[in-house]
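Trainee: I should like to learn how to read a protein structure one feature at a time. May we go through this one together?

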Amino acid sequence: MKNRQRLAITLEPEKMSRVEIEFAEKYLNAVTQALVRSGRFQLEDSSSLNLRKNRTFDDQMIELASKYSRLEADLLAVMKQLGIKPGNTPMKEPEIINNPDQVLAEMTEIHDELDKMDLRMEEIRTTIENGKRFLGIVEPFKSLDVDFAKIRNRHYIYSILGIIPTDKIERFKLSFERIPFVLLELSQEGPNTIVLLLGLRANQDFFIRTARNAYLNTLNVPDEYHGTPAQILAQTQAEIDRGTQELEKLKLDFESLRKKQADMLKERYWQVRMSRTITEITNRYGRLTHDFLVVGWVPRSSLQKFQKMLSDISPDIVIDVTAEDELTGSVKPPVALHHSRSMAGFQKLVTTYSTPNYQEIDPTLLLLITFPILFGAMFGDVGQGLFLALAGLLLSSGSIKKLRGMSKLGPVVILCGLSSTIFGFLYGSVFGFEELIKPVWNHPIENIMGIIILTFAGGALLLSLANILALVNDARRKSWGHMVFSGKGLAGLLLYWSLLALLVSALTKRVFLPQGVLVGIAVIAVVMMMSAGFVERLLEHKKPLFEGGFLVYFIQSFFELFETLIGFLSNSLSYVRVGAFAVAHAGLSQVIMILAEMVSPLKGIGYWVVIVLGNLFIIGFEGMIVSIQTLRLEYYEFFSKFFSGGGISYKPLRFLSSTK
């Protein structure tokens, strides 16, 4: 009994109850915090219901939510400047901030202080960088015993001090044949010479242009520097040292501020986030003349505890619960899927296709069983399967930082790897070697027809299961006409089984039922399917019974029948690709072996390099292709028969944790 209950919980979404809560304004914060704290209440937006003439309160709440959002953004900006992360949700529920303007003033003060520190540190860094660059320029002139004050440019005299390649000096002098100048060679540094060019201020532009063309590296010394190059170097180094000391002090001040404000900023962040959450939730409530109206969903299993929680706040709070069978057809309850961590990856694959409808089976458990089997059948190898299983364990552990977001898929990879290992024993393959172990069944290449027939039979079994699940979903929706007469209902299942039985009888000469009985079942199923639309409209009391007239109805029913028959054939043949991929996998492994022997017939290092690289290629490339094919079979051949999706995900109010 326990097992049956557990299975039902796994196959069916959790039962939901619709709840309407009415309360006075004085309980607003208490009720809202209780709803968030419960973690089981999904809110519906009923803000369109507003019976109040005075909208002042509404405007205030909207403005308050906007202030909290701005304040949260400012807090995150300050914390980013200080290198502080919000961390996980605090264990103790944060308090609501009633005066966001006061907190905003605190943040503005800290922000201004940080901006001043950042600006000053940037100024100092610029000064240090410029000083170091200037040191490099002046360094070649340090042996020159000349006071720059004496050679600095005057009103009538223009001077250039710089370094020029020694072999360019004579040519440089020729450039000034028609212009009065003086070129003093002050000292020689290796292949270069330090020179001082003097001339009239009126010829400044010509001097600058000619010096540049002659590769003269000019030394420009700002007016604030005085003395010889050695003295200027000392002055510059002293400025760099002072700047470095001030920068270190500012860094210490910054670190002191960070430590001082870290706990307070984290606390404020979560308080603001809680306040914003509460305010935004409040803005989604309905407004009655004097009270608030909250509409939402609670799992039936939590309903009693939920009601007690609200009653403890005040007995004046009115709670109205609508039973599931009292809901109108237009109301769609949210779908709560609660699976263990090991099934989270399979649940993700299901919701990628679509969220299950409230009144249909949750296919997560079915995917947990069928996906690894289909994958393993196409990718059967003991060694490669164990490699995948280990990769899945590594993925699940979250050890690889860049792949932590995919950790939920770890169990999927593990189960697929283990399934591949089991099929590897059946096929007798270990990293492509087919002589290491004896196959429990057969090598795929040696029994191609057998594996094709087996996968066809497995596909027929899965399609039959999908059709039966479709019957269960129709029964839950009380869609009796569709359940019995449609191509996805009982009529379609009978037609499929009768056609399969006729095919098997023709191929194997084995008689399951007399041929006439099978043909009769097929004919009855066809008649039922042709009349499906008529019966459904009759049961739903819709007029006319033949929409568009009998002829249009007949033509439409005929083509729907034809489409169903084509679907039976194509869906069944689609599963043959499982066997085809199993054969292709074995063939690719043999190709790797042949290449390895061609590279190194004596099985030297080259042989094993090819074996390793080949197996890695098979695991990576073919493993990806097989995964895609498995998903395709699940989505388009299996799910499409019974899984309509389109459900609303259950997302209860929660105080969400921050992203690290």
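Mentor: We begin with the terms for elements: helices and strands are DSSP runs, numbered from the N terminus. In this predicted model, serine 46 lies in the loop between β2 (42-44) and α3 (56-82).

Trainee: Is serine 46 buried or exposed, and why?

Mentor: A residue is called buried when its relative accessible area is under 20%. Serine 46 has a relative accessible area of 11%, so this residue is buried.

Trainee: Which residues does serine 46 touch, leaving aside those up to four places away in sequence?

Mentor: Serine 46 touches Arg284, Tyr285, Gly286, Leu293 and Val295. With glycine 286 there is also a polar approach: the side chain of serine 46 reaches the backbone nitrogen of that residue at 3.1 Å.

Trainee: How well covered is strand β8 (residues 291-299)?

Mentor: Strand β8 is mostly covered, since eight of its nine residues are buried.

Trainee: Which strands are joined to β8 by bridges?

Mentor: To read a pairing, look for the bridges and for the direction of the two strands. Strand β1 (residues 16-24) runs antiparallel to β8 and is joined to that strand by nine bridges; within this pair, methionine 16 stands opposite proline 299. Strand β2 is also antiparallel to β8, with three bridges, and here glutamine 42 faces tryptophan 297 as its opposite residue. Strand β7 (residues 286-287) is joined to β8 by two bridges, again antiparallel. In that pair arginine 287 stands opposite phenylalanine 292, and a hairpin of three residues links β7 to β8.

Trainee: What is the order of strands in the open sheet of four strands?

Mentor: The order is β4-β5-β3-β6, and the pairing is antiparallel. The strands at the edges are β4 and β6 (217-218); each has a single partner strand, so one side of each is left without a neighbour in the sheet.

Trainee: How many bridges join β4 to β5?

Mentor: Eight bridges join strand β4 (residues 181-189) to strand β5 (residues 192-200), and the two run antiparallel. One facing pair is glutamine 188 and threonine 193, which stand opposite each other. The hairpin of β4 and β5 has two residues between the strands, and glycine 190 takes a positive phi near 65° there.

Trainee: What is found at the β6 side of the sheet, and which helix lies across the strands?

Mentor: Strand β3 (residues 157-165) pairs with β6 over two bridges in the antiparallel sense, with glycine 162 opposite threonine 218. Helix α7 (residues 204-213) lies across β3, β4 and β5, running at about 5° to β3.

Trainee: How should one check the length of a helix such as α20 (residues 576-599)?

Mentor: One compares the distance between its end C-alpha atoms with the span expected at 1.5 Å a residue. For the 24 residues of α20 the span should be 34 Å, and the end C-alpha atoms are 35 Å apart, which agrees. Helix α17 has 16 residues and reaches 23 Å from its first C-alpha to its last, close to the 22 Å expected.

Trainee: Which residues of these two helices are buried, and what packs against them?

Mentor: A general point helps first. An α-helix has 3.6 residues a turn, so residues three or four places apart point the same way. In α17, the buried residues are Leu518, Ala522, Ala525, Met528, Met529 and Met530; they pack against α15 (480-485), α16 (490-508), α18 (532-539) and α19. In α20, the buried residues include Phe581, His585, Ser589 and Met593, and the cover over the buried residues of α20 includes α11 (364-378), α14 (448-477) and α21 (605-642).

Trainee: Is valine 517 buried or partly exposed?

Mentor: Valine 517, in helix α17, has a relative accessible area of 38% and is partly exposed. Its C-alpha atom is separated by 9.0 Å from that of serine 498, although the two residues are 19 apart along the chain.

Trainee: Where is confidence lowest, and where is it highest?

Mentor: Confidence is lowest in helix α1 (residues 2-11), with a mean pLDDT of 43, and highest in α13, at 94. Over residues 1-9 the pLDDT is below 50, and beyond near neighbours in sequence this stretch has one contact in the model. Where pLDDT is low, the predicted coordinates should not be read in detail. For the protein, the average pLDDT is 85, and 94% of the residues score at least 70.

Terms used
Residues are numbered from 1 along each chain as its sequence is written. This is a predicted model: local features need pLDDT of at least 70, side-chain atom pairs count only at pLDDT 80 or more; totals for chains, interfaces and linings use all residues. Side-chain values use heavy atoms; hydrogens and water are left out. Buried means under 20% relative accessible area, exposed over 50%, partly exposed in between (1.4 Å probe, protein chains only). A polar contact is a pair of N or O atoms within 3.5 Å; within protein, one must be able to donate a hydrogen and the other to accept it, and residues adjacent in sequence count only if both atoms are side-chain atoms. Contact means heavy atoms within 4.5 Å. The expected span of a helix is 1.5 Å times one less than its number of residues. pLDDT is the predictor's confidence in each residue, from 0 to 100. Two strands pair if DSSP finds at least two bridges between them. Axes are lines fitted to C-alpha atoms, for helices over the stretch in contact, and angles run from 0 to 180 degrees between N-to-C directions.
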